[in-house]
Amino acid sequence: MILAILQARLSSTRLPGKVLRPILGAPMLLKQIERVRRARCIDRLVLATSDDPSDDAIEKLCHENGIECFRGSLNDVLDRFYQAAKDKSPDYVVRLTGDCPLIDPDIIDRVVRHCVAGQFDYASNTIKPTFPDGLDVEVFRFGCLEASWREATLPSQREHVTPFIHQQPGRFKIGNYAGAQNLSHLRWTVDETLDFELIRQIYESLYPTKPDFNTDDVLALLDRRPELKTLNTAYARNEGYQRSLAKDVARADRKKEEPN
């Protein structure tokens, strides 16, 4: 069984409440889930949010729209993932994040098939990025998630779920799924106001006539409207992960200063 876990919370530091911002009259999160549900390789979808009161609105949205919801730790996202998955005994877990409203179900399926066919412990399209930032898909064996949950200690490993796995290629069999061309310079994730503005314009241009628009449709739109390509390119990729790595360094420095 392949279980997709979509993580989302409202307490984003850069753009609070972003997952519930409306696009064409519906929360951005619902638009993303609509796309995820079209992936053929996913057997079950769970939205994993935090047990902080700030995320009550996400749980309410899930209940109103028939979406399975799990609530767990706000900051230990690895624990949240493991607790959301453990009772379901999946063979593989697909990690998705709620800031990717253009996620492509076909790309989800391709990464899942790549992982299963290659008998990888972990496979993604993010280790050596070739897809636009915002089409991120990670797939890993449940056993690897369990090992991470037991053994991972660094802030970056607990906050971002998968680094413990893909940082150990000698222990785990790691696979990278690459696109036909390098589009990693494109930013389709939502962390800043301009990110959301880009996504809003893409949806307003494509969704009314083709609700199941795909990556090629977005690329064609950007060719027609090249000003959109650079609307949000001032922001760096994976800023959140870089902040977590800085916490790792700060923690190590504190330990060095502790008396023996």
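**Figure 1. Strand 1 and strand 6, side by side.** Strand 1 (2-7) and strand 6 (92-97) run parallel and are joined by 6 bridges. Strands, like helices, are DSSP runs numbered from the N terminus (E, at least two residues, for strands; H or I, at least four, for helices), and two strands pair if DSSP finds at least two bridges between them. Gln7 sits opposite Thr97 of strand 6. What you're looking at is a predicted model, where local features need pLDDT of at least 70 and side-chain atom pairs pLDDT 80 or more, while totals for chains, interfaces and linings use all residues. Numbering starts from 1 along each chain as its sequence is written, and side-chain values use heavy atoms, with hydrogens and water left out.

**Figure 2. Strand 6, covered on both faces.** In a regular strand the side chains alternate between the two faces of the sheet. Here Tyr92, Val94 and Leu96 are on one side and Val93, Arg95 and Thr97 on the other, all of them buried. That makes 6 of 6 residues in strand 6 buried, where buried means under 20% relative accessible area, exposed over 50%, and partly exposed in between (1.4 Å probe, protein chains only). Strand 6 also pairs with strand 8 (residues 138-141), this time antiparallel, over 4 bridges. Tyr92 has Arg141 as its bridge partner in strand 8.

**Figure 3. The whole sheet and its edges.** Pull back a bit and there are 7 strands in an open sheet, ordered 5-4-1-6-8-7-9, with mixed pairing. Strand 5 (69-72) and strand 9 (174-176) are the edge strands, each pairing on one side only. From one strand to the next, the twist averages 20°. Over at strand 9, strand 7 (residues 122-124) runs parallel to it through 3 bridges, and Ala123 has Gly175 as its bridge partner there.

**Figure 4. Two helices on the sheet.** Helix 2 (residues 56-64) lies across strand 4 (44-50) and strand 5, at about 160° to strand 5. Helix 3 (residues 77-86) packs on the sheet too, touching strands 1, 4, 5 and 6, and its direction makes about 140° with that of strand 1. Contact here means heavy atoms within 4.5 Å; axes are lines fitted to C-alpha atoms, for helices over the stretch in contact, and angles run from 0 to 180 degrees between N-to-C directions.

**Figure 5. Cysteines without partners.** The structure holds 0 disulfides, a disulfide being a pair of cysteine sulfur atoms within 2.5 Å. For Cys100, the nearest cysteine sulfur is that of Cys62, 17 Å away. The sulfur of Cys115 is 8.6 Å from its closest counterpart, in Cys144, which is too far for a bond. Cys100 counts as buried at 3% relative accessibility, and Cys115 counts as buried at 0%.

**Figure 6. His185 out in a loop.** His185 belongs to the loop between strand 9 and helix 8 (193-206). With a relative accessible area of 55%, His185 is exposed. Its C-alpha atom is 11 Å from that of Asn232, 47 residues apart along the chain.

**Figure 7. Zooming out for context.** The protein has 10 helices and 9 strands. Of its 260 residues, 52% count as buried. Its C-alpha atoms fill a box of roughly 65 × 40 × 40 Å, taken along the principal axes.
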